[in-house]
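Thanks, everyone, for making the time this morning. I would like to walk you through one model, and I will try to say what each term means as I go.

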Amino acid sequence: MLNETKSLIYLDNAASTPIHKEVLKEMLQNIELDYGNPSSIHELGRKSKTLIQIARKRISKLINSDIDEIIFTSGGTESDNLAVLGMARKIRNINPRMNHIITSSIEHDAILECCKDLENDNFEVTYLPVTNDGYIRPKDMISSIKPSTGLITIMFANNEVGTIQPIEELVKIAKNKNRTLIFHTDAVQALGKIDIDVKRLNIDLMSLSSHKINGPKGIGALYVKKGIRPNSIIHGGGQEYSIRSGTENVIGIIGFGKACEIISKSFVYNNKKILEMKEYLIKKILDEIPNCRLNGGVNVDKVLTNIANFTFYGVNGEDLIIKLDDYGVAVSTGSACSVNKQKQSHVLKAMGFTHEEITGSLRLTVGVQNNMDEIENTIEILKKVILELREISPYNTKYH
Ligand code: PLP
């Protein structure tokens with residue numbers, strides 16, 4: 001249980017975000033009265049269906065898709081599974097020779113685990129390397145495309161270091177080489193931070209999640225371009241255009257739709273505010289804490305506004321998290337979704353980091369609800385905690 005009296009500075013907004021009060025209001029308004037099953041023909045059922053359609057419209061407006069190109073899922077993980085498993089298998093069903101997939105080595109586990117599953121099912125997967133600052137080289141992708149390549153899946157923005165991949169360029173050059181290629185992008189971290197226009201990008205499939213943009217957890221969507229149809233991975237009553245069966249999470253969908261509507265209007269303000277706080281945080285940390293470095297790119301246009309990943313030499317990131325938590329600051333080392341696996345960051349590893357550099361890494365992610373006082377306090381607490389940890393660190397003669 002969270003200690004209600006302890007004040008909390010929440011800087012783990014890439015893991016999840018607090019629900020927006022307008023989102024909550026709209027969900028609560030409907031939770032008690034609109035309990036009809038959207039597949040039922042009666043009025044209550046029809047009302048639920050209408051609410052789903054309103055949400056679908058709001059989401060499609062944010063990414064410039066058609067309304068019926070949005071398929072609701074249980075979140076980013078399921079959207080990634082549906083896109084990768086469903087599409088790879090569909091392509092191979094049509095042409096058994098098309099069994100090659102290209103992805104990157106810094107994808108979220110929701111993609112990488114699907115790729116492993118496909119390898120066990122006789123697919124071939126190419127994992128593209130990244131530069132030391134976390135970017136895919138377009139020439140590596142191009143040279144990996146073979147006649148058997150059916151699917152490319154590359155994330156829009158990375159959840160650990162925030163690097164933004166040049167998706168528009170990657171789609172263009174991939175389709176120039178083979179126009180039948182299907183391109184999926186995991187835009188879970190990008191939504192609300194990058195102005196996404198699926199028509200301009202010419203993307204085929206795109207994963208989205210609600211809880212990264214101040215919506216509820218357990219709800220997401222897959223954008224599926226008209227004319228494309230992945231195999232279902234959940235079978236049943238044929239909801240969601242027969243692509244994703246199961247009675248819809250109506251309240252979650254309402255919340256996700258409202259969160260998208262809000263972010264459409266506050267996009268510029270939010271990102272400006274978040275970026276100002278993040279830039280200040282980065283500058284102060286680099287200026288005032290010795291032996292640390294910023295991980296990932298330094299070009300502001302190529303990194304998400306909210307993510308800052310550091311290595312503090314001579315400390316253990318996990319110890320840092322625990323100590324910071326004692327002082328009321330909530331942060332992570334990397335992907336909260338992978339934390340149960342207790343493994344070292346595959347993202348930093350792919351970026352060529354040493355064991356010590358990965359161990360000392362910490363991810364601070366800013367949200368629109370944060371303020372400069374919280375950032376100032378975090379810096380002071382961080383300075384103190386790092387000094388304490390370095391005192392007892394086995395590396396302390398090097399970094400103290
Ligand atoms: N993809 C990325 C890039 C993510 O950051 C996350 C979650 O952190 C996911 C997928 C999984 O999304 P969800 O938590 O909605 O299942």
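I will take the ligand site, then one strand and its partners, and then the cysteines.

Before that, please keep in mind that this is a predicted model, in which local features need pLDDT of at least 70 and side-chain atom pairs count only at pLDDT 80 or more, while totals for chains, interfaces and linings use all residues. Residues are numbered from 1 along each chain as its sequence is written, and side-chain values use heavy atoms, with hydrogens and water left out.

Turning to the ligand, we find 14 residues around it, the closest being G76, T77, D186, S209 and K212, where a residue belongs to this shell if one of its heavy atoms lies within 4 Å of the molecule. By class, the shell splits into three nonpolar, eight polar and three charged residues, and in that scheme Gly is counted as polar, Tyr and Cys as nonpolar, and Asp, Glu, Lys and Arg as charged. Helix α3, residues 76-94, supplies the largest share, three residues; helices here are DSSP runs of H or I with at least four residues, and strands are runs of E with at least two.

Among the polar contacts (pairs of N or O atoms within 3.5 Å), the side chain of T77 places an N or O atom 2.6 Å from a ligand oxygen, and D186 has a polar side-chain atom 2.6 Å from a ligand nitrogen. For Q189, a side-chain N or O atom is 2.8 Å from an oxygen of the ligand. The ligand taken alone exposes 390 Å², and the protein buries 91% of that, with areas from the Shrake-Rupley method and a 1.4 Å probe.

Next comes strand β8, residues 220-224, where five of five residues are buried, meaning under 20% relative accessible area with a 1.4 Å probe and protein chains only. G220, L222 and V224 point one way from β8, while A221 and Y223 point the other way. Strand β8 pairs (at least two DSSP bridges) in the antiparallel sense with β2, residues 70-73, over four bridges, and I71 stands opposite L222. With β7, residues 205-209, the pairing is also antiparallel, over five bridges, and L208 stands opposite A221.

Finally, why are there zero disulfides? A disulfide requires two cysteine sulfur atoms within 2.5 Å, and the sulfur of C114 is 6.9 Å from the closest cysteine sulfur, that of C115, which is too far for a bond. C114 is itself buried, at 3% relative accessible area, and C292 also counts as buried, at 16%.

Conventions
Buried means under 20% relative accessible area, exposed over 50%, partly exposed in between (1.4 Å probe, protein chains only). A polar contact is a pair of N or O atoms within 3.5 Å; within protein, one must be able to donate a hydrogen and the other to accept it, and residues adjacent in sequence count only if both atoms are side-chain atoms.
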